[in-house]
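Here's a quick briefing to read with the model open in your viewer. Have a look at the fold and the charged side chains, then work through the points.

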Amino acid sequence: MSFTVTTKNCWLNKKEIVKIFFLNDIPFTFDDLPVGYFYDKQIVEEANSNHDYSGEDIYKGSNYLILEKCHPCFDDIEILNPENLPEEIQSFYNGEEDLLR
């Protein structure tokens, strides 16, 4: 089975905007945005148009993927677009590292 990774800028805990990573629409992790992102109108408008998430939402999504053995950070799964993964694990999906050993 193949999976697709997408990202969206969303509000986290209604306090900050973060880049959330989704595997087939299930949130599994997030990255902080660079300092000053509040001055970027496009980022704020995108976050305002997306669903608000809590840390618990991301925790539940991540936990579900772990239980199903399809979490991209922990399981060797086929991802159609690994370039959308967090930078820390892209090298594994590009064949540059074996992070599961």
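What follows covers the sheet, the helices that pack on it, and the salt bridges.

Keep in mind that this is a predicted model. In short, there's an open sheet of 3 strands with antiparallel pairing, helix H1 packs on that sheet, and the structure holds 2 salt bridges.

**The sheet**

- Reading across the open sheet, the strand order is E2-E3-E4, and the pairing is antiparallel.
- Strand E2 (5-12) and strand E4 (26-32) sit at the edges with a single partner strand each, so one side of each has no neighbour in the sheet.
- From one strand to the next, the twist averages 35°.
- As for E2 and strand E3 (residues 16-23), they pair in the antiparallel sense over 8 bridges.
- If you want a spot to check the register, Lys 8 stands opposite Ile 20 in E3.

**Helices against the sheet**

- H1 packs on the sheet, where it touches E2 and E3.
- The direction of H1 makes about 90° with that of E2.
- H2 lies across E2, E3 and E4, and its run is at about 125° to E4.

**Salt bridge in H1**

- Lys 41 forms a salt bridge with Glu 45, and the closest N and O atoms are 3.9 Å apart.
- That pair counts because the cut-off is a side-chain nitrogen of Lys or Arg within 4 Å of a carboxyl oxygen of Asp or Glu.
- How far apart are Lys 41 and Glu 45 along helix H1? They're 4 residues apart in helix H1 (residues 41-49), so about one helical turn separates them.
- Lys 41 has 61% relative accessibility, so it counts as exposed.
- Glu 45 comes in at 44% relative accessibility, which means it counts as partly exposed.

**Salt bridge in H2**

- Lys 60 forms a salt bridge with Glu 56, with the closest N and O atoms 3.2 Å apart.
- Both Lys 60 and Glu 56 lie in helix H2 (residues 55-67), 4 residues apart, or about one turn of the helix.
- Is Lys 60 buried or exposed? At 51% relative accessibility, Lys 60 counts as exposed, because the exposed class is anything over 50%.
- Glu 56, at 48% relative accessibility, counts as partly exposed.

Definitions and conventions:
Residues numbered from 1 in each chain as written. Predicted model: local features only at pLDDT ≥ 70, side-chain atom pairs only at ≥ 80, totals over all residues. Heavy atoms only, no water. Helix = DSSP H or I, 4+ residues; strand = E, 2+ residues; numbered from the N terminus. Buried < 20%, exposed > 50% of the residue type's maximum accessible area, 1.4 Å probe, protein only. Pairing = 2+ DSSP bridges. Axes fitted to C-alpha atoms, helices over the stretch in contact; angles between N-to-C directions. Contact = heavy atoms within 4.5 Å.
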